[in-house]
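Look over the sequence and the model below. The report that follows is meant to be read beside them.

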Amino acid sequence: RERTALHSAGMSGDAPGGPLPGERSKADNKKRNKGHVASKALGVGLGNMPQVVTALSASQLATALDSKSYPAYLDLSEACFELASDACLSALPNIVKDLDVSHSRLTAFGAGVAHLSKVKRVVLDHNALADVRVDALAALELLSAAHNELRGLPRLAPLHNLVHLNLSHNQLYATPDAEWRELAALKALRVLDLGHNRINMTIQQFYSFVLTHLKQVPRLEHLSLLGNPLEDNVERLAHFCIAELPRLKSFNWRLVTKQDRLDARRYESQGVWDDHVLP
């Protein structure tokens, strides 16, 4: 549903920060058309290679990479890869630009990739992650950790180049204000997907803990809070966010129209939210 809405917004395959998680860019498809698929390169299921791979050696990682120099791409999202730890990734050379370790068995991520100072795109969707530590990845532009078990926001403040953040389909709840404050440091952020979590706040908490910090993100254009209990707690949530974040181009993957902005201003002038937000 979300991807379809992004397509209608003219962002298909060219979302800020890189292609949408789970979709391949033209460059990725070109590599695959050339036949460089990690499982094929490694001969998974052939010779001494098992049908299911749970860890990779340094030489195997070098073989799985599509290039011997930067920018290299590593795709371990195929069904035959079931990594339980990212420890083996510590053997990767610092030439990786694009890393996909989705559809695996990871419960924590970060320690094995802290040396990858050039990586720009990391996709960790469909794991069992309760802990994600990517604050050492200073060049990161896209992080997707959707469909995991995160209960709190990762440390994000050092990621000054982050453009696209997808933490949808997790267990994010009313995390402490200190965690939401991390968002205020993301000055390059344009896309933030927090949909389908357990974010359950009063309007006062939402304004103080979340919106106050998002208002300090100057480039934020696309925000999703779809499928959170918050939608039932905040009257006219979409218009409230549009009023407080006037640069938004889409909310919950629906394009913000001129009428939406007029309605938001009207509700604001009528003081719809004043009794709940103003001191």
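The text covers the nonpolar core, the aromatic rings, charges over rings, and some backbone features.

**Core**

This is a predicted model. Its largest nonpolar core has 74 residues. Which members touch the most others? They are Leu89, Leu99, Phe109 and Phe206. Several elements give two or more residues to this core. The helices are helix 3 (38-42), helix 4 (58-64), helix 6 (203-214), helix 8 (237-244) and helix 9 (258-269). The strands are strand 1 (72-75) and strand 2 (96-100). In soluble globular proteins, nonpolar side chains tend to be buried together.

Take Leu89 and leave aside its neighbours within four places in sequence. Leu89 is then in contact with Leu61, Leu76 and Leu83. The list for Leu89 also holds Val101, Phe109, Gly112, Val113 and His115. Among these partners, Phe109 is itself one of the residues that touch the most other core members.

**Aromatic rings**

The count of aromatic pairs comes to four. A pair of aromatic rings is described by the distance of the centres and the angle of the planes. Two of the pairs are set out here.

| Pair | Centre to centre | Angle between planes | Type |
|---|---|---|---|
| Phe206 and Phe240 | 6.4 Å | 55° | tilted |
| Phe240 and Trp273 | 5.1 Å | 40° | tilted |

Phe206 belongs to helix 6 and Phe240 to helix 8. They are 34 residues apart, and their pair links distant parts of the chain. Both rings belong to buried residues.

Where does Trp273 lie? Its place is the loop between helix 9 and helix 10 (274-277). Phe240 lies in helix 8, so its pair with Trp273 ties together parts that are 33 residues apart in sequence. Trp273 is buried, as is Phe240.

Ring pairs also build a cluster. Its members are Phe206, Tyr207, Phe240, Tyr267 and Trp273. Phe206 thus appears both in this cluster and among the residues with the most core partners.

**Charges over rings**

Tyr267, a cluster member, also carries a charge over its ring. The charged end of Arg266 sits there, 4.8 Å from the ring centre. A second case involves Tyr70. The charged end of Lys118 sits over the Tyr70 ring, 5.5 Å from its centre.

**Backbone features**

Tyr70 also takes part in a cis peptide bond, which joins it to Pro71. Omega is about 5°. Pro71 lies in the loop between helix 4 and strand 1.

Which phi does His103 have, positive or negative? It is positive, about 55°, although His103 is not a glycine. His103 sits in the loop between strand 2 and strand 3 (108-109). Its relative accessible area is 46%, so it counts as partly exposed.

Arg236 is not a glycine either, and has a positive phi of about 50°. Its loop runs between helix 7 (230-233) and helix 8. Arg236 is partly exposed, with a relative accessible area of 40%.

**Ser104**

Ser104 is found in the loop between strand 2 and strand 3. Is Ser104 buried or exposed? It is buried, because its relative accessible area is 11% and the limit for buried is under 20%.

Leave aside neighbours within four places in sequence once more. Ser104 is in contact with Phe81, Glu82 and Leu83, and with His126 and Asn127. Leu83 is also in contact with Leu89. Ser85 lies 19 residues from Ser104 in sequence. Their C-alpha atoms are 9.4 Å apart in space.

Definitions and conventions
Residues are numbered from 1 along each chain as its sequence is written. This is a predicted model: local features need pLDDT of at least 70, side-chain atom pairs count only at pLDDT 80 or more; totals for chains, interfaces and linings use all residues. Side-chain values use heavy atoms; hydrogens and water are left out. A nonpolar core is a set of buried Ala, Val, Leu, Ile, Met, Phe, Trp, Tyr and Cys residues joined through side-chain atoms within 4.5 Å. Buried means under 20% relative accessible area, exposed over 50%, partly exposed in between (1.4 Å probe, protein chains only). Helices (H or I, at least four residues) and strands (E, at least two) are DSSP runs, numbered from the N terminus. Contact means heavy atoms within 4.5 Å. Rings of Phe, Tyr and Trp (its six-membered ring) pair if their centres lie within 6.5 Å; planes under 30 degrees apart count as stacked, over 60 as edge-to-face and the rest as tilted. A charge sits over a ring if NZ of Lys or CZ of Arg is within 6 Å of the ring centre and within 35 degrees of the ring normal.
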